[in-house]
Amino acid sequence: MPDLALKTESTPASPLAAEVARRRTFAIISHPDAGKTTLTEKLLLFGGAINLAGQVKAKGERRNTRSDWMKIERDRGISVVTSVMTFEFDGRVFNLLDTPGHEDFSEDTYRTLTAVDSAVMVIDAAKGIEARTRKLFEVCRLRDIPIVTFINKMDRESRDTFELLDEIEKTLALDTTPMTWPVGRGRDFLGTYDIATGGIRLLEGGGAKTGAAERIDIADLAARNANLNVDEIREELALATEACKPFELEAFREGHLTPVYFGSALRNFGVGDLLEGLGNFAPPPRAQESNLRKVEADEPRMTAFVFKIQANMDPNHRDRIAFARLCSGKLTRGMKAKLVRTGKPMPLSSPQFFFAQDRAIADEAFAGDVVGIPNHGTLRIGDTLTEGEDVTFVGVPSFAPEIVRRVRLTDAMKAKKLKEALQQMSEEGVVQVFRPRDGAPALVGVVGMLQLDVLKARLDAEYSLPVDFEVCEFQLARWISSDDRKKLDVFIAANGSGVADDVDGDPVFLAKNEFYLGYTRERAEGIVFSSVKDVKKTS
Ligand code: G4P
């Protein structure tokens, strides 16, 4: 199998290219309860990043006690925080970006997926494709992110294997190639058959290992479990080997085909196979589109974009960490980069790496890596840092909110403080803030209800600002633009009370409802109404 990967990865031309080529930056997408946390722990164990299983959850709990606003997470048993975990395995560096696990689709989740090159889709073998998996998959598809599938909980009752694969193919319109095949199911699950080598890896003993599966004769299986019908198994394996599409690296890399592994995260079974598959097939850091051109990962000059801001990881220090994905070159501690938005230099004196339990100063990092950059509000989501030319990366968009509310402050004396706090929250990407041009109080927009809860809790805990949210006359927001500046000015003047500025000062049209939006749009010739805001490419 590995020779498939070798064919596409020619010998790197430089030490930088070699470092870049060995990186795999990925996320895990799944429905809650499918086993993402358990799988994460096991992956980290393989990489030696943690010594004790259970650390991932323990870490979450520790964090919860540290910060008040994270109380929401504790109460709801969810993880609002996105973090990154780096580990090494078999000569490769894996950066695992954690996506928030709650039901609300959040911009945070989307932005995290802008920073990965591949994803692992975890599916509960008894349940198949569930709602959230599907939604996250759609986001991956938008960006052509290659997906490796892990069908989990094979140690329990599971659905028919062919049926599961068929469901993936039909509901996601994604070809599947099983790399392994389960032998026996539920209580009688014995292990997996390696389709390429014909070996069987047994659940009992050796399950946690990687490498070629032990070759066990199918006839010998009966001796291990009297319940098994060996003839049926033989038939199923023959059918599986014959009927399933062969693995095609190119189709996988283009996002059309997913290799499928079966296992049990809880029993640490099949996780090694998955990790090997990820190492061999998942792409190294991709070239990244900018406003000017595509930036290749092994270009010598460092570039990076900020996809996440995390405030108050440690409230005692009121620190703010910007998570930046390196797109090209090498970051060296102490180097100066330019923040393209302001044109100002920014010293990177203490970039950080994150491990399961800890963060550590990063002396150097390469394209594909994610570093945390402590700052006091200088960095915003979507910002580009560069060592060379002034490029701005595209593809870290903002979405039009689905819920718009007016913030009601009980203490009118604190209006100025609220303004500052909202500005910070919007720069962090917690909510979007719209300031109506007619001077009316600011509105906040969110994609999911949970964001409002987080905003309320944080305003209270960090700024002593108890607030409520009021339903207001506006329900929808759309960014407006035009090739003709005059036309835009005329539209804005004519719709004064329905136009607001976003955090960057870009104009937004606020509408009472879909009908009104449609009505206005039809009459606003030359004005573009957009539900997504992204950096524009200049050709
Ligand atoms: P999530 O992050 O995707 O939400 O899932 P998580 O890993 O927390 O797993 C959800 C539940 O499923 C957990 O049980 C976990 O132990 C169990 N689980 C995960 N992988 C497997 C597997 O391969 N086989 C079996 N049988 N169970 C698995 P829980 O009882 O909800 O939590 P816990 O008390 O065990 O932590």
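Is C472 buried or exposed? Select C472: this cysteine is buried, with a relative accessible area of 12%. Buried means under 20% relative accessible area, exposed over 50%, and partly exposed in between (1.4 Å probe, protein chains only). Next, select C327, which has 0% relative accessibility and therefore counts as buried.

The model is predicted, so local features need pLDDT of at least 70 and side-chain atom pairs count only at pLDDT 80 or more, while totals for chains, interfaces and linings use all residues. Residues are numbered from 1 along each chain as its sequence is written, and side-chain values use heavy atoms, with hydrogens and water left out.

Stay with the cysteines for a moment. A disulfide is a covalent bond between the sulfur atoms of two cysteines. With a disulfide taken as a pair of cysteine sulfur atoms within 2.5 Å, the count is zero.

Now select the ligand and the residues with a heavy atom within 4 Å of it. There are 16 residues around the ligand, and the closest are D33, K36, T37, T38 and D155. Colour this shell by class: four residues are nonpolar, six polar and six charged. Asp, Glu, Lys and Arg count as charged; Ala, Val, Leu, Ile, Met, Phe, Trp, Tyr, Cys and Pro as nonpolar; the others, Gly among them, as polar.

Show helix 3, residues 36–46. This helix gives the most to the shell, with three residues. Helices here are DSSP runs (H or I, at least four residues), numbered from the N terminus.

Finally, select N152 and K153. A polar side-chain atom of N152 lies 3.0 Å from an oxygen atom of the ligand; for K153 the distance from such an atom to a ligand oxygen is 3.1 Å.

Technical notes: A polar contact is a pair of N or O atoms within 3.5 Å; within protein, one must be able to donate a hydrogen and the other to accept it, and residues adjacent in sequence count only if both atoms are side-chain atoms. Helices (H or I, at least four residues) and strands (E, at least two) are DSSP runs, numbered from the N terminus.
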